[in-house]
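Me: I'd like a close look at one single spot in this model, please. Take your time, and then set that spot against what lies elsewhere.

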Amino acid sequence: MGEQIEYGDVKIPIERISAHELFLALRPPDGQIYLVAPLDAQPQQIVDFFAAHRVQAEELQQKMRKRFVKGRSVRCRFQTGDVAYIMGRPFMLDVVPLATRRVGKVEARGRSTSKVQVDTDLSLLTLYIVNERSYDQARTAFLSYARSVILQNAKSLTVQFAARLIPERKAPAVRMREMGDRMAQLRGGALWLSDDIVGYPPDCLAYSIWRCLEGVSRLPEEGKKEALDATIPGWRAACELLSTREGPYANR
């Protein structure tokens with residue numbers, strides 16, 4: 001049995017990570033609450049954190065269980081209770097309908113969302129959309145937030161990697177779109193990222209960007225290899241994750 005804490009009548013599994021983040025998450029379909037904690041987090045710190053968030057976590061647990069009573073597929077359908085990933089981190093979705101307004105006799109439904117709320121302690125992403133049963137609206141709302149996270153990280157990585165791989169050229173602009181056959185591509189002077197990269201851990205994003213810039217680099221092959229090992233030590237694991245495309249981080 002792995003590491004866990006006991007709090008009253010519940011036992012909470014703990015997953016340790018190297019990042020300095022402490023948060024709760026839920027595992028579908030049964031809504032198992034677990035804690036993700038830094039390697040150096042002390043037991044009392046973890047217990048106190050859980051105590052402060054237990055009530056909210058159990059409310060989310062009921063929402064997830066309700067969703068999976070209707071259908072036990074763990075595929076993300078962008079409904080309340082589903083788990084979607086952003087840079088490898090699981091977020092439970094809570095899809096909330098917006099009040100519609102009428103213009104004369106025509107209902108103004110809007111396209112997606114007017115607001116997204118994020119609770120990082122509880123790994124909760126609340127999507128406010130007009131029609132909570134609309135897959136397209138919920139997906140658009142999710143991507144509107146997820147893309148902003150990815151682009152913020154991708155832009156800084158691209159500048160950093162370009163300085164090392166293509167110092168004679170300006171770092172390309174970074175944009176995102178749907179691309180079914182690849183995670184990243186240099187085209188038209190821009191570096192394009194696929195929406196599919198949203199779910200994968202940071203090393204996968206970094207490796208995808210690196211491979212694009214490496215393709216136009218004038219560095220000798222041995223120099224590229226040494227630079228890759230030094231810059232992204234986890235690139236091999238990232239490459240393996242990306243090759244599956246249907247792994248645990250795919251928001252299918």
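Reply: Let's start with Phe-78, which counts as buried because its relative accessibility is 3%, below the 20% cut-off for that class. Please keep in mind that this is a predicted model. Where does Phe-78 sit? You will find Phe-78 in the loop between α1, which covers 43-70, and β5, which covers 83-86. The backbone deserves a look as well: phi of Phe-78 is near 60°, a positive value in a residue that is not glycine.

Now turn to Ser-123, a useful residue to set beside it. Ser-123 is not a glycine, yet its phi is positive at about 50°. Is Ser-123 buried or exposed? With a relative accessible area of 1%, Ser-123 is buried. Its loop runs between β9 (113-119) and β10 (124-129).

For a glycine with a positive phi, go to the hairpin of β1 and β2: two residues lie between the strands, and Gly-8 has phi near 65°. The strands of that hairpin, β1 (residues 4-7) and β2 (residues 10-17), run antiparallel and are joined by four bridges. One of the bridge pairs is Tyr-7 with Val-10 of β2.

Another loop has a backbone feature of a separate kind. The peptide bond from Pro-28 to Pro-29 is cis, and its omega is near 5°. Pro-29 belongs to the loop between β3 (23-27) and β4 (32-38).

Further along the chain you come to an open sheet of three strands, ordered β11-β13-β12 with mixed pairing. At its edges are β11 (173-177) and β12 (184-187), each of which pairs on one side only. From one strand to the next, the twist averages 30°. The pairing of β11 with β13 (residues 190-194) is parallel and spans five bridges; Ala-173 stands opposite Ala-190 of β13 there. Across β11 and β13 lies helix α2 (residues 135-165), which runs at about 150° to β11.

Finally, here is the setting for these spots. The protein chain holds five helices and 13 strands, and 43% of its 252 residues count as buried, Phe-78 and Ser-123 among them. Of the contacts in the chain with a separation of 6 or more, 53% link residues 24 or more positions apart. The C-alpha atoms fill a box of roughly 60 × 60 × 25 Å along the principal axes. About 13900 Å² of the protein chain is exposed, with 48% of that supplied by carbon and sulfur atoms.

Notes: Residues are numbered from 1 along each chain as its sequence is written. This is a predicted model: local features need pLDDT of at least 70, side-chain atom pairs count only at pLDDT 80 or more; totals for chains, interfaces and linings use all residues. Side-chain values use heavy atoms; hydrogens and water are left out. Two strands pair if DSSP finds at least two bridges between them. Axes are lines fitted to C-alpha atoms, for helices over the stretch in contact, and angles run from 0 to 180 degrees between N-to-C directions. Contact means heavy atoms within 4.5 Å. Buried means under 20% relative accessible area, exposed over 50%, partly exposed in between (1.4 Å probe, protein chains only). Accessible areas come from the Shrake-Rupley method with a 1.4 Å probe; for residues, only the protein chains shown count as cover.
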